[in-house]
Amino acid sequence: MTPLARTELPMEQRRICLVAGARPNFMKIAPIVRAMRDGFDRLQPFLVHTGQHYDREMSQVFFEELAIPDPDYNIESGSGSHAEQTARIMVGFEELCRAVRLHHVLVVGDVNSTLACSVTAKKDGIPISHVEAGLRSFDMSMPEEVNRIVTDALSDWLFCTERSAVDNLVREGKSPQTMFLVGHVMIDTLLCHCDRLARTDPATLESASFKKQFSRYGVVTLHRPSNVDDPLILGDFARTFAEIARDLPLVFPLHPRTKKNVERFGIDFGPSVVLTPPLGYMDFLNLWKDAAIVLTDSGGLQEETTALGVPCLTLRENTERPITVTEGTNTIVGTNHTVILEETKKILRGHGKVGKRPDLWDGRAAERIVGTLARLVA
Ligand code: UD1
């Protein structure tokens, strides 16, 4: 753990603790840190890395590429069962809360780090903001759904990405005065890096060689326990992807959970599914933005593909991000082999959905959040 130094702030300043722990958190925190540094001297960001993700390609690479400053505090929780991981983060975060005066804690997303730090902050009497509040899959078998519900129940201020989230929170009895429909910080990062990619020499990216080799290709990501922890389900996906890849080569960056299970179960995806290690942000963006189709169980990628108008099939039975289906390019297809193949063919024949980018997904969500905090943090 990072040793704690008791630094005092000038009287008028407020220390805002920003929590990040797992890969999708880093893309969400980056624009918030930037917005706070750029225009709000009164709000001093204090960045905590919980260590939920720790491999270089799951963590450090995003700090470098997204220009996130080094964390002020590392909990180094590492992996474990839900209880072990959550408990280690809570113990580390409690130590921080007791040693350093935190005026406000801001958590993002729905991972175990989000839940652990919200519970700890609340019990220490520190007000909480939740960014990406109110999303609901209504599927309590997802650990993320439990994390979302608990975090929202405890949060003082709720920053929402889409209207359905506001409706869910109202239905759960939250006061409308505590909710702010601000758009999506992950799309802030996306739009900013699309511009950067346009100015980057593609030859410096690993994904360039794949794009050179195949003029048309698809991208796959899969990491949900319900999809990758069962050998029969993962084996079925392998058959489905191998069949699609007969017509359309697929590139599949493997999440560590998925990689372990592919090796453990001896799963073979055939010759036209290219398995790669997890990719950095720019490399992955360079790949999926030009894909003919994205097949995924990621929440974030459903939204990112909607933002750039790339056809997406979600390999789950539900989504907590319905705007990607009603306004965007996303279709929920579940895990059935025949359905996935049919929907893939539809897209490849040019009959996929034509979506639009949702309102407020304009690259300025972080500014709205930080502007609101500047008004509200006492
Ligand atoms: C976590 C989040 C999930 C999010 C995903 C994005 C929870 C409950 N789950 O799932 O919502 O979509 O991150 O990636 O918070 N591992 C490594 N190196 C790492 C990190 C993990 O090898 O840097 C391996 C470990 O064996 C670990 C496994 O991956 O046991 C799963 O990691 P964990 O953080 O528990 O859950 P994810 O599946 O990554």
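The legends below describe close-up views of a predicted model.

Residues are numbered from 1 along each chain as its sequence is written, and side-chain values use heavy atoms, with hydrogens and water left out. Because the model is predicted, local features need pLDDT of at least 70 and side-chain atom pairs count only at pLDDT 80 or more, while totals for chains, interfaces and linings use all residues.

**View 1. An open sheet of seven strands with parallel pairing.** The strands, which are DSSP runs of E with at least two residues, numbered from the N terminus like the helices (runs of H or I with at least four residues), follow the order 3-2-1-4-5-6-7. Two strands are taken to pair if DSSP finds at least two bridges between them. Strand 3 (73–74) and strand 7 (179–181) stand at the edges with a single partner strand each, so one side of each has no neighbour in the sheet. Strand 1 (residues 14–20) pairs with strand 2 (residues 43–49) in the parallel sense over seven bridges, and R15 has Q44 of strand 2 as its bridge partner.

**View 2. Strand 6 and its pairing with strand 5.** Strand 5 (residues 128–131) and strand 6 are joined in the parallel sense over three bridges, with V131 standing opposite F159 of strand 6. In a regular strand the side chains alternate between the two faces of the sheet. Strand 6 is covered on both faces, with W157 and F159 buried on one side and L158 and C160 buried on the other; here buried means under 20% relative accessible area, exposed means over 50%, and partly exposed lies in between (1.4 Å probe, protein chains only).

**View 3. Two residues with positive phi in the loop between strand 5 and helix 5.** Most residues other than glycine have a negative phi. E132, which is not a glycine, has a positive phi of about 90 degrees, and F138, also a residue other than glycine, has a positive phi near 60 degrees. E132 is placed in the loop between strand 5 and helix 5, and F138 lies in the loop between strand 5 and helix 5 as well. E132 is buried, with a relative accessible area of 4%, whereas F138 is exposed, with a relative accessible area of 60%.

**View 4. D156 in the loop between helix 5 (143–154) and strand 6 (157–160).** D156 is partly exposed, at 26% relative accessibility. When neighbours within four places in sequence are left aside, D156 is in contact (heavy atoms within 4.5 Å) with K122, P127, I128 and T178. The C-alpha atoms of D156 and P127 are separated by 6.1 Å, although these residues are 29 residues apart along the chain. The side chains of D156 and K122 are joined by a polar contact of 3.1 Å, a term for a pair of N or O atoms within 3.5 Å in which, within protein, one must be able to donate a hydrogen and the other to accept it, residues adjacent in sequence counting only if both atoms are side-chain atoms. A polar atom of the D156 side chain also lies 2.8 Å from the backbone nitrogen of I128.

**View 5. An open sheet of six strands with two helices packed on it.** The strand order is 10-9-8-11-12-13, with parallel pairing. Strand 10 (273–276) and strand 13 (330–332) stand at the edges, each with a single partner strand, so one side of each is left without a neighbour in the sheet. From one strand to the next the twist averages 20 degrees, where axes are lines fitted to C-alpha atoms, for helices over the stretch in contact, and angles run from 0 to 180 degrees between N-to-C directions. Strand 8 (residues 218–221) and strand 9 (residues 250–253) pair in the parallel sense over two bridges, and L250 in strand 9 is the bridge partner of G218. Helix 12 (residues 281–288) lies across strand 8, strand 9 and strand 11 (293–296), running at about 130 degrees to strand 8. Helix 15 (residues 337–348) packs on the sheet and touches strand 11, strand 12 (312–314) and strand 13, its direction making about 155 degrees with that of strand 11.

**View 6. T296 in strand 11.** T296 is buried, with a relative accessible area of 0%. The side chain of T296 reaches the backbone nitrogen of S298 at 2.9 Å. Beyond its neighbours within four places in sequence, T296 is in contact with several residues, among them T221, C312 and T314.
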